[in-house]
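Biologist: I am new to this structure and would be grateful for a close look at one part of it, namely the way its helices pack against one another. Please then place that part within the rest of the chain.

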Amino acid sequence: MKVAEALAAIETFDLRHQALLGEQAEAAQRTKTDPTVRQLRQRRAALDTQVQQQASALKQLELEVAELAGRVKSHEKAIYDGSVRHPADLQRRQHELETLRVKIQGLEETELSQMEAQEQTSAELVEVRAQLIEREQEVERLRAADRANAPKLAAEILAGEEERRQLAESLAPSQLRTYERTVARRRPAVAKVVNGTCSGCRLPLPSRLLQEARQDQLVTCENCERILLL
Ligand SMILES: [Zn+2]
C-alpha cells in the first residue's frame, strides 16, 4: 500500500472512529433523563397543582353559596310565616333578601366560569399525561435499542482501533506527524488527484509534484497543504 493510500485509510478509520464514539456518547446521554420527559413531568405537576387549587376554590364558593342560601331561607321563612310584624323590619329583611340573591347570582356566575377553567385545565392535564406516556415509551424503546447495540458498537470501536494501529505501524513517524498536522487544519486531510488537480482545493498541481507522488513520496498540495493521493 502506498503511503498516501495508507494515510487515506487512516483518515477513513479516524472519521469512522469519531462517528462511533459519537454514537456511544449519544447512547450514554439517552440513559439520563430525557429533556422532553422532564419538561412534561414539570408541566404535569404544575397542572395537578392547578386542578387541586381550582377544586378547592370551587368548594369554597359552593360553601359560600350554601351559607347565603341558608340566610335567604331564614329570611323568607320569617317574611312569609308572618312572624315579622314591623313594616320597617319587613322592609329591612326584604332588602337584605334582595342583596343576598344578587350576591348568590354573582357567586354562581363565578362558579360557572371557574368550572369551565377547571375543565380546561383537566383536559390539558389529560393531554400532557398522554404525551408523557408516549415520550417515556419512545425513550425506553431507544434505550433498549442502545443496550442491544452496545456490545457490537464497542467491538467495532476496538476493531477499528486495532486496524488503525496496524496501518500506523506501516508508516514512518514523520509521515504520521504530517497527517496529524494536516488533519488538525483540513478535512479531509488526504485529497485525491483528479485530472492533475487537487480535489481538495481544485487547483492544478505542478507536474513535479505529480511525479514525486507517483514515486510514492508523501506529497502535499502547495495551495491547501492536503496530502495528495494519486
Ligand atoms: Zn489543494
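**Helix packing and its surroundings**

Modeller: Helices α2 and α3 run roughly antiparallel to each other. The model in which this is seen is a predicted one. Helix α2 covers residues 35-80, and helix α3 covers residues 87-169. Where they pack, the angle between them is about 160° and their axes lie 7 Å apart. An angle over 145 degrees counts as roughly antiparallel, and the value of about 160° for α2 and α3 is therefore described in that way. The crossing of α2 and α3 is left-handed. Sorted by class, the residues in the contact of α2 with α3 are 25 nonpolar, 11 polar and 17 charged.

Two leucines, one on each helix, show this packing in detail. On the α2 side, leucine 58 is a residue of helix α2. Apart from residues within four places of it in sequence, leucine 58 is in contact with Glu111, Gln114, Met115 and Gln118. Glutamine 114 is 56 residues away from leucine 58 along the chain, yet 7.1 Å separate their C-alpha atoms. Leucine 58 counts as partly exposed because 16 C-beta neighbours lie inside 10 Å. A buried residue would need 20 or more such neighbours, and an exposed one would have 12 or fewer.

On the α3 side, leucine 132 belongs to helix α3. When neighbours within four places in sequence are set aside, its contacts are Val37, Leu40, Arg41 and Arg44. Between leucine 132 and leucine 40 the C-alpha distance is 5.9 Å, although 92 residues separate them in sequence. Leucine 132 is also partly exposed, because it has 17 other C-beta atoms within 10 Å.

Helix α3 has a further packing partner in helix α1, which spans residues 3-31. Here the angle is about 155° and the axes are 9 Å apart, which makes α1 roughly antiparallel to α3. The crossing of α1 and α3 is left-handed. In the contact of α1 with α3, 14 residues are nonpolar, four are polar and eight are charged.

The wider setting is given by the domain assignment of the chain. Domain 1 is made of residues 1-30 together with 172-230, and domain 2 of residues 33-169. Taken over C-alpha atoms, the centres of the two domains are 61 Å apart. At their contact, 13 residues of domain 1 meet 13 residues of domain 2. Helix α1 gives the most to the side of domain 1 that touches domain 2, with 12 residues. That side of domain 1 holds eight nonpolar, two polar and three charged residues.

Within domain 1, glutamine 175 links separate stretches of the chain. This residue has its place in helix α4, which covers residues 173-185. Glutamine 175 touches Val3, Leu7 and Leu218, leaving out residues up to four places away in sequence. From glutamine 175 to leucine 218 the C-alpha distance is 7.2 Å, with their positions 43 residues apart along the chain. Glutamine 175 is partly exposed because 18 other C-beta atoms lie within 10 Å.

Some backbone details in the loops complete the picture. Proline 188 sits in the loop between α4 and β1, where β1 is residues 190-194. The peptide bond that joins arginine 187 and proline 188 is cis, with omega about -10°.

Asparagine 195 lies in the loop between β1 and β2, the latter being residues 197-198. Its phi is near 50°, a positive value in a residue other than glycine. Asparagine 195 is exposed, because 7 other C-beta atoms lie within 10 Å.

Glutamate 225 is found in the loop between α5 (207-214) and β3 (227-229). Phi of glutamate 225 is also positive, near 70°. Glutamate 225 counts as partly exposed because it has 17 C-beta neighbours inside 10 Å.

Key:
Residues are numbered from 1 along each chain as its sequence is written. This is a predicted model: local features need pLDDT of at least 70, side-chain atom pairs count only at pLDDT 80 or more; totals for chains, interfaces and linings use all residues. Helices (H or I, at least four residues) and strands (E, at least two) are DSSP runs, numbered from the N terminus. Two residues are in contact if their C-beta atoms, placed from the backbone, lie within 7 Å. Domain bounds come from an automatic or database domain assignment. Ala, Val, Leu, Ile, Met, Phe, Trp, Tyr, Cys and Pro count as nonpolar, Asp, Glu, Lys and Arg as charged, and the others, Gly among them, as polar. Axes are lines fitted to C-alpha atoms, for helices over the stretch in contact, and angles run from 0 to 180 degrees between N-to-C directions. Angles under 35 degrees count as roughly parallel, over 145 as roughly antiparallel, 65 to 115 as roughly perpendicular and the rest as oblique. A crossing is left-handed if the near helix is turned anticlockwise from the far one by less than a right angle, and right-handed if clockwise.
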